[in-house]
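Subject: Structure handover and notes

Dear colleague,

I am passing on the structure we spoke about, and I would be grateful if you could keep it open while you read the notes below it.

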Amino acid sequence: MNSYVNTAVGALLGTIFVLMSVSIASEGIFHSEAPEKEGFAIVAEEAPAAGGEAAPAAAAVPIAQLLASADAKAGETVFKKCQACHDGTKGGPNKVGPNLFGVVDRPIASHEGFGYSAAMKDFSKGSSEKWTFEFLNKFLMAPKKDVPGTAMGFAGLAKDQDRANVILYLHTLADSPVPLPDPKTATQ
């Protein structure tokens, strides 16, 4: 072997030795134990097994009963999540989503000047369906699940009381709000 090969092999071995030494020393200096408890656990909804049915959801409380104990002021607070995409003022502009003034009992996908997705137009059955309290409750729980293909990117409001509060607040956003449903005659 010539001296150039010996020098190259020596340099390579020397570099490996220095890197290994630094790695061992830094592990000793900066070693950290595994935490006793995870900082944040991610819980994902499990899909049903192939051919199996999903477990039925817990019986939901009828919206009429929820509205009886709802708070429009609390709904206004929750509605702040919606204001990034929707305006609720009379004559206000359409944003990413349509203006929601007078939305309760308005025909679905009918707000003038807003371009609705094909999925929402299909869901509205030619604007013959209306945003009833029940439709709003179901839609706000999981928009993409209720209307597959909707352009609305909001995940939904899982808590019954949050949905009821927002729906009651939306109910107040009208010149003449429709009557609230009677909680005594409410059915699923």
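What follows is an account of what was found, going from the whole chain to single residues.

Please bear in mind throughout that this is a predicted model. The chain holds 7 helices and 0 strands, and its elements, read from the N terminus, follow the order α-α-α-α-α-α-α. Of its 188 residues, 28% count as buried, while the exposed area of the chain comes to about 12900 Å², of which carbon and sulfur atoms supply 61%. As for the contacts with a separation of 6 or more, 51% of them are between residues 24 or more positions apart.

Two helices that meet

The helix pair to look at is α3, residues 72-79, with α7, residues 160-172, whose axes come within 7 Å and cross at roughly 100°. An angle from 65 to 115 degrees counts as roughly perpendicular, and α3 and α7 are therefore roughly perpendicular to each other. On the side of α3 the contact is made by A72, A74, G75, E76, V78 and F79, and on the side of α7 by D162, N165, V166, L168, Y169, L170 and T172. Sorted by class, the residues in this contact of α3 with α7 are 8 nonpolar, 3 polar and 2 charged.

Aromatic pairs

Since you may wish to check ring geometry yourself, here is what was computed for it. The count comes to 5 aromatic pairs. One of them joins F114 and Y116, with 4.8 Å from centre to centre and 75° between the planes, and this pair is edge-to-face; both F114 and Y116 are buried. Another involves F123 and F135, whose ring centres are 5.5 Å apart and whose planes stand at 70°, so this pair is edge-to-face as well. It links distant parts of the chain, with F123 in helix α4 (residues 118-123) and F135 in helix α5 (residues 133-141), 12 residues apart.

How do F123 and F135 stand with respect to burial, given that buried means under 20% relative accessible area? F123, at 18% relative accessibility, counts as buried, whereas F135, with a relative accessible area of 22%, is partly exposed. Ring pairs also bring F123 and F135 into a cluster together with W131 and F139.

Helix α5 and what it packs against

The buried residues of α5 are F133, L136, N137, F139 and L140, and these pack against α2 (63-68), α4, α6 (143-146) and α7. One residue of helix α6 worth a look alongside this is D146. With a relative accessible area of 13%, D146 is buried, and, once its neighbours within four places in sequence are left aside, D146 is in contact with F123, K138 and F139. Both F123 and F139 belong to the cluster of rings described above.

The loop between α3 and α4

Three residues of this loop deserve a separate note. P107 lies in the loop between α3 and α4 and, at 26% relative accessibility, counts as partly exposed. The C-alpha atoms of P107 and W131 are separated by 6.1 Å, although these residues are 24 apart along the chain. Not counting residues up to four places away in sequence, P107 touches S127, E129, K130 and W131, and of these W131 is a member of the ring cluster.

The other two are of interest for their backbone angles. D105, in the loop between α3 and α4, has a positive phi of about 75° although it is not a glycine. A109, which is found in the loop between α3 and α4, likewise has a positive phi, near 60°, and is a residue other than glycine. As to burial, D105 counts as partly exposed at 33% relative accessibility, while A109 counts as buried at 14%.

If you go through the model in the order used here, each of these points can be looked up by its residue numbers.

With best wishes

Technical notes:
Residues numbered from 1 in each chain as written. Predicted model: local features only at pLDDT ≥ 70, side-chain atom pairs only at ≥ 80, totals over all residues. Heavy atoms only, no water. Helix = DSSP H or I, 4+ residues; strand = E, 2+ residues; numbered from the N terminus. Buried < 20%, exposed > 50% of the residue type's maximum accessible area, 1.4 Å probe, protein only. Contact = heavy atoms within 4.5 Å. Areas by Shrake-Rupley, 256 points an atom, 1.4 Å probe, with all protein chains shown as cover. Axes fitted to C-alpha atoms, helices over the stretch in contact; angles between N-to-C directions. Parallel < 35°, antiparallel > 145°, perpendicular 65-115°, else oblique. Nonpolar A, V, L, I, M, F, W, Y, C, P; charged D, E, K, R; others polar. Phe/Tyr/Trp six-rings, centres within 6.5 Å; stacked < 30°, edge-to-face > 60°.
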